[in-house]
Amino acid sequence: MSTSLYAARRARVAAQLGAGGIAVIPTAPERSRNRDSEFLFRHDSYFYYLSGFSEPNAWLVITADGHTTLFCQPKDLEREIWDGIRLGPDEAPAHLGVDAAYSVAELDARLPKLLENRSAVWYPFATHQGLETRLDGWLNAVRARVRYGALCPQAQHDLCALLDEMRLIKDPHEQAIMRRAAQISAGAHIRAMQRCAAMLRAGQDVREYHLDAELLHEFRQHGSQYPAYSSIVAAGANACVLHYRADTAPIRNGELVLIDAGCELDGYASDITRTFPANGRFTGPQRALYDLVLASQDAAIAATKPGARFTDPHEATVKVLTQGMFDLGLLDRDQHGTLDDAIHHRHYFAHYMHRTGHWLGMDVHDCGSYVEPAEVGQTHERKDPLSGETITDRPSRILRPGMALTIEPGLYVRPSDRIPKEFWNIGIRIEDDAFVTETGCELITRGVPVKADEIEALMRG
């Protein structure tokens, strides 16, 4: 861990707090799972971004002059026997590069003094339950001293807005971790694909949880700390449920399997989706829909480049998918009109109901505005053709080098008398992670095949 990296980030924050500003950032709380057992602790992303510190029950305080104070768990031999070694406040300055550190037990006594005579306090709005109430208590303690000449901060600002802009552009350190996370996750997808086909060839009972187990094994085998999110392993019709979870359903010959899974490595997420034939061979209808989704992803990838808008890949995907829906009989020209009509009225929505991507980073759905900051005041109202509600649109974010996002078109076909039966209960999604580069984008998850022929060849192995 490089303390200079985190110190530089804290310095950037300090420079944006304004004269007399102060920022207060807690890590995530520990959460009880059931009696005498907690969920595995995962740090708060904002806190870790500024500290590189992964212990629970810790706080950072940064002032506009660049001074950083850490509050952390004190050394405690008895608790360390049960829960593990703590860094402790005495060692924290040398190990983390902070200016001062105290026991978290002193937080309530010291925070009012740190807030006193400050012009404004910054903290993450609406991210930590009870934080506002606790801050009110500290500020009330400052107000109690105004008769002695103390000044209380007169303004409060959302620190998320400032940090979101910083986190939106990934530095080389972050990109290196994300590439490694992508590599591990790609290997996990390959393992699950090959295991699925091998078990079916051997005549074994294959369940969704079998493939989930393969994913988890590969993640941990290569040093990932956790899955980045609950893995989706969906067989057959289950793939038409967008947020389906790996469960007990059987995986059968002739069905497709959709796996949406990625590991988290050193605080950074990966996010890959692949759809493959359980037995390693696409049927004709499956291949037709799969090739359509892949063509739409190719269009989105071509549209992902610096200077483009965040919405451009989605619009490119929708155009290709909608045309394909007409070609394959999922949409009807007599009922849905021209390609432009179908896009305008969102007739494609029955089979493609999500966006083509999202920001990626420390969180799998990472922070960062999807609106271009310089154009946020430019609004356009329209009526949604499906819901009828009035929507206020703002100019979409301009893509810039260093941004990380997913590119994930899909197609989901539920049974309907209006649709050819051979397409029923087929759900397909193809998702890759990308960095925007100076000339286009770099896909970092193609360690796992994506073309239908390559998937079939892989699964024969």
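**Close-up views of a predicted protein model**

**View 1. The whole chain, helix by helix and strand by strand.** The protein's secondary structure comes to 14 helices and 21 strands; helices (H or I, at least four residues) and strands (E, at least two) are DSSP runs, numbered from the N terminus. This is a predicted model, where local features need pLDDT of at least 70, side-chain atom pairs count only at pLDDT 80 or more, and totals for chains, interfaces and linings use all residues. Residues are numbered from 1 along each chain as its sequence is written, and side-chain values use heavy atoms, with hydrogens and water left out. Along its principal axes, the C-alpha trace spans about 80 × 55 × 40 Å.

**View 2. Leu77 and its place in helix α3.** Look for Leu77 in helix α3, which covers residues 77–83. Is Leu77 buried or exposed? Leu77 counts as exposed because its relative accessibility is 67% (exposed means over 50%, buried under 20%, partly exposed in between, with a 1.4 Å probe and protein chains only). By that rule, buried residues make up 51% of the 461 residues in the protein.

**View 3. The hairpin of β15 and β16.** Here strand β15 (residues 380–383) meets strand β16 (residues 390–393), and the two pair in the antiparallel sense over four bridges; strands pair if DSSP finds at least two bridges between them. One spot to find is Glu381, whose bridge partner in β16 is Thr392. Six residues lie between the two strands of this hairpin. In the turn, Gly388 has a positive phi of about 80°.
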